[in-house]
Amino acid sequence: MNGSASGTAARSSLPRVVAASLIGTTIEWYDYFLYGTAAALVFGKVFFPHSDPLTGTLLSFLTYAIGFAARPVGALVFGHFGDRVGRKRLLVVSLLLMGGSTTAIGLLPTYDSVGVTAPVLLTALRLVQGFALGGEWGGAVLLVSEHGDQRRRGFWASWPQGGAPAGNLLAAGVLSLMTSLQSDAAFLSWGWRVPFLLSAVLVGVGMWIRLAVDESPLFKAALAAQRNRATVEQPPLVSVLKHHWREVLVAMGARMAENISYYVMTTFVLTYAVTHAHFGKQSALNAVLIASAVQFALIPLFGALSDRVGRKPVYLVGAVGVGIWAFVFFGMVDTRSFGSLVLAVTVGLVFHSAMYAPQAAFFSELFATRMRYSGASIGAQFASVAAGAPAPLIATALLKDYGSSTPISVYVAIAAAVTVLAVLCGRETRGRDLAEIDEQAGQEAQSADADTVGKPAVA
């Protein structure tokens, strides 16, 4: 495999690939976070109207968490086909699935119209969202990682990560605009539907951009090399679990603090600020809006920093920082000062950015190309079931049972300790040449084939 040649070709189209991945992930995360924000502010009243406010929120967060259950399934399916047929095709499918399900949520009847059918349909569409996102993340970050070079991979690969705060920024911004222009009654009646219906327009834009991007040159080269070997290739999932199970565990552990802290400090905080600290809905949304804008600017900087000092040091600063900040976070929200609320969320997302920015390059550099989509997606999305999925649900339950934020802070701190341990157990990947990883994997496969041929048949 000619690494320099592929690298030259990749760099020529890298800005276009980065733009396509960023815009696509922004739209997907807009759809996904829109649900989480609406779950905190709207769905409890619209789909579970006969429960007390906190229980209604708990039930709406349960439907929110169910979406995470579909993410590992999406990781398996999209990872398998993404490693077999390419990254680009699967990214187009994921965008269509996410946009279609989000638009359908905006058309759903409420509980008052069709009874229990309404939350059942809501849950089904949330499962489709989770399935799509389970395949989106791996493909988007790998497409950029495989087009770039090892010297600045942390910087370039961090841009698709910016789709998360950009999507959250867009979701919170649209909902904040709707709440500011409407009365509470109008917003609950029909205003909340507008941001969901807007997804149809955004998906059209995303599809136009994403279809113009070339397939990863590394994937093309790896696919050609596999065909030249003329051997039966193991399914990517089998190869990952056989040869890279340690890397999968490192990725899963690294996700714990990153995932839990994010959903506590951007989704659960909306419920906490409104019901416990008595902020208005718009104030809570605006705080997340401001913090997300800051995070979007910081992610490329932390990505570039990981190119200089390594993925692990930057990641560890974020994990340790968020574990400590969790005990300061709720105290600042409890002051009932808007400035303190903004500062609390912003600093929390600064520490989160230190983990999230190098994550794309870090995970990409753990696996060979023909199993990279599966390996990175499995590590990331299986962890989300134990991390991000129940985070708002657990935080709400802890608040309901104890009436205090301290157990929630302990919960985040424990997640931070798990992440610190996982990252310390992983290798430093900064500067790894992805083409060399493929060459090594190819040599190992040829050696395994030779061993198999040389063994006598067993009767």
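A residue counts as buried under 20% relative accessible area, as exposed over 50%, and as partly exposed in between. R427 has a relative accessible area of 43%, so this residue is partly exposed. Keep those cut-offs in mind as we walk through this predicted model.

**Confidence**

The protein averages a pLDDT of 85, and 91% of the residues score at least 70. Over residues 452-459 the pLDDT is below 50, and this stretch has 0 contacts in the model beyond near neighbours in sequence. Residues 1-12 also stay under 50 in pLDDT, and for them the model has 14 contacts beyond four places in sequence.

**Salt bridges**

There are 10 salt bridges in the structure. Here are some of them, with the N to O distance and the place of each partner.

| Pair | N to O distance | Location of partners | Separation in sequence |
|---|---|---|---|
| E136 and R210 | 2.9 Å | helix α6 (residues 117-147); helix α11 (residues 199-210) | 74 residues |
| E365 and R153 | 2.9 Å | loop between α17 (338-364) and α18 (369-386); helix α7 (residues 153-161) | 212 residues |
| R427 and E247 | 3.6 Å | loop between α20 (406-425) and α21 (434-454); helix α14 (residues 245-276) | 180 residues |

How do the partners differ in exposure? E136 and R210 are both buried. E365 is buried at 0% relative accessibility, and R153 is buried at 2%. In the remaining pair of the table, E247 is buried with a relative accessible area of 12%, whereas R427 is partly exposed at 43%.

Elsewhere, D83, R87, E146 and R372 are joined into one network by salt bridges that share partners.

**Nonpolar core**

In soluble globular proteins, nonpolar side chains tend to be buried together. The largest nonpolar core here has 131 residues, and F43 and V333 touch the most other members. Helix α2 (residues 14-46) gives this core its largest share, 18 residues. Beyond its neighbours within four places in sequence, F43 is in contact with Y35, A38, F48, S60, I105, L122, W192 and F196.

**A nonpolar patch on the surface**

Some nonpolar side chains are found at the surface: V73, L76, V77, F81, V85, L237, L241 and F382 form a patch with about 600 Å² of accessible area together. The elements that give two or more residues to the patch are α3 (53-85) and α13 (236-243). Which helix gives the largest share of the patch? That is α3, with 5 residues. V85 lies in helix α3; its relative accessible area is 35%, so V85 is partly exposed.

Note on methods:
Residues numbered from 1 in each chain as written. Predicted model: local features only at pLDDT ≥ 70, side-chain atom pairs only at ≥ 80, totals over all residues. Heavy atoms only, no water. Patch = residues over 30% accessible without salt bridge, like charges linked within 9 Å, V, L, I, M, F, W, Y side chains within 5 Å. Areas by Shrake-Rupley, 256 points an atom, 1.4 Å probe, with all protein chains shown as cover. Salt bridge = Lys/Arg side-chain N within 4 Å of Asp/Glu carboxyl O. Helix = DSSP H or I, 4+ residues; strand = E, 2+ residues; numbered from the N terminus. Buried < 20%, exposed > 50% of the residue type's maximum accessible area, 1.4 Å probe, protein only. pLDDT = per-residue confidence, 0-100. Contact = heavy atoms within 4.5 Å. Core = buried A, V, L, I, M, F, W, Y, C linked by side-chain atoms within 4.5 Å.
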